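Student: I have a model open and want to go through its aromatic rings and its interior. Can we take it step by step?

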Amino acid sequence: MKPHAAEFFVLVILSPLAMPAPAFAGCDVQSGRETAALVELYTSEGCSSCPPADLRLNHLPQALDRGATAIPLALHVGYWDYLGWNDPFAQQAFARRQEWLVRLNHHVTVYTPHFFVGGAELEPQPPALIDQIRRVNAAPAGADIRLRATLGPDATLAVTTDAVLRDKAAPVALFVAVTESGLTTKVARGENAGVTLNHDHVVRAWVGPIPISDGAIHAQREFVLPEAWNRDRLDVVAVVENQHTGAVLQAVSAASCARS
C-alpha cells in the first residue's frame, strides 16, 4: 500500500506451520550471548498488499537458518481504517512506534507492510529479511534478559522481567508484549473484502517504554486476559531497546519454553 504521511511524535493465525504454544506454567527463559533479531511487521487488514507479508511473518521460523534466533511481532495499525474496514487488532501505540522508528531511520513516511529488524528499517527485497537476521544474530547482545511467565487459573498472566545492560551509556528502555497466534478474520469491506486472513504473532498487549536506570531493571506485570484470547496460542516477549537510536539490544521470547 502506498505510504501514509508521517506525523512525528515519539513512542514503542491459525497457520499449519505455526509454532506450538509456550508452556507458561513455570516458564523461565534466559537470553543468549548473541542478539536475537526482533522482527516487527507493521500491517493492516485494510491493506491489500499486506496479506503476503503477513504470511511471510507467519512462516518465518521455517525460513530461518539453523541456529538462527528471530522473534516475530505483528503490530497492526489503524490508519487505513478509513478505507472501509476497521482492523480489530490495531492499536494507536503501534502507529506511534512505527512513526518513531521511521524517524530514527532518517525517513519521513510510514506505510504497510513495513518490516523492521532489530529496530532497523528493512529493504523491500525478499532476501533482505534473512540477511538482516543473520547480521543481528552475529552481534553480541547489549543486554541480558531473564523472562518468567506464569498463566494462572484466574485468567491472569504474571510476567516478571529482569534485564542487565552491558553498556550504561545511552538511555535504554524495557518493553513487554503479549502476542496471540491462530487468529482468523473474514474481511467484509475495504481493500481485502471477501478475503479470509490468518495471523500469527499478533501483539495484543504492549507495555513500555519502562526506563532502565543504573544499568538494570526488575519489572513485574499482570495481564488480565480477555475470555476470547486463546491461552494455548499466547507468547510473551521482552525487549530492551536504545531510545536514542531504536536499536534493539536484546529480546527474548517465552516460546522457547515450548521447545525445552
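Student: Which residues form one aromatic cluster?
Tutor: This is a predicted model, so treat every value as computed. One aromatic cluster joins three residues that include two tyrosines and a tryptophan: Tyr79, Trp80 and Tyr82.

Student: How many aromatic pairs does the whole structure hold?
Tutor: A search of the whole structure gives the total. The number of aromatic pairs is 5.

Student: How are the rings of Phe94 and Trp206 arranged?
Tutor: Their centres are 6.3 Å apart, and the cut-off for a pair is 6.5 Å, so they pair. The planes stand at 85°, and over 60 counts as edge-to-face. Phe94 is in helix α3 and Trp206 in strand β13, 112 residues apart. The arrangement is edge-to-face.

Student: Which arrangement do Phe175 and Trp206 have?
Tutor: The centres lie 5.5 Å apart. The planes differ by 35°, which falls between the limits of 30 and 60 degrees. The pair is tilted.

Student: How many residues apart in sequence are the parts that Phe175 and Trp206 tie together?
Tutor: Phe175 lies in strand β10 and Trp206 in strand β13. The pair therefore ties together parts separated in sequence by 31 residues.

Student: Is Trp206 buried or exposed?
Tutor: Its relative accessibility is 15%. Buried means under 20%, so Trp206 qualifies. Phe175, at 1%, is buried too. Trp206 is buried.

Student: Is helix α3 largely enclosed or not, and why?
Tutor: The buried residues in α3 include Phe94, Trp100 and Leu101. Charged Arg97 and Glu99 are buried there as well. The count is 10 of 13 residues, so α3 is largely enclosed by the rest of the structure.

Student: What span should α3 have, and what are its ends apart?
Tutor: The rule is 1.5 Å a residue, which gives 18 Å for the 13 residues of α3. That agrees with the distance between its end C-alpha atoms, 19 Å.

Student: Which charged end sits over the ring of Phe223?
Tutor: Phe223 is among the residues with the most contacts inside the largest nonpolar core, which has 30 residues. Phe223 also touches residues such as Leu157, Val176 and Val207. The charged end over its ring lies 5.5 Å from the centre and belongs to Arg221.

Student: How many residues has the other core, the one with Tyr42 and Phe116?
Tutor: That core lies apart from the largest one. Val77 and Val237 are also among its members. Its size is 29 residues.

Notes
Residues numbered from 1 in each chain as written. Predicted model: local features only at pLDDT ≥ 70, side-chain atom pairs only at ≥ 80, totals over all residues. Heavy atoms only, no water. Phe/Tyr/Trp six-rings, centres within 6.5 Å; stacked < 30°, edge-to-face > 60°. Helix = DSSP H or I, 4+ residues; strand = E, 2+ residues; numbered from the N terminus. Buried < 20%, exposed > 50% of the residue type's maximum accessible area, 1.4 Å probe, protein only. Lys NZ or Arg CZ within 6 Å of the ring centre and 35° of its normal. Core = buried A, V, L, I, M, F, W, Y, C linked by side-chain atoms within 4.5 Å. Contact = heavy atoms within 4.5 Å. Expected span 1.5 Å × (residues − 1). Lists of a residue's contacts leave out its neighbours within four places in sequence.
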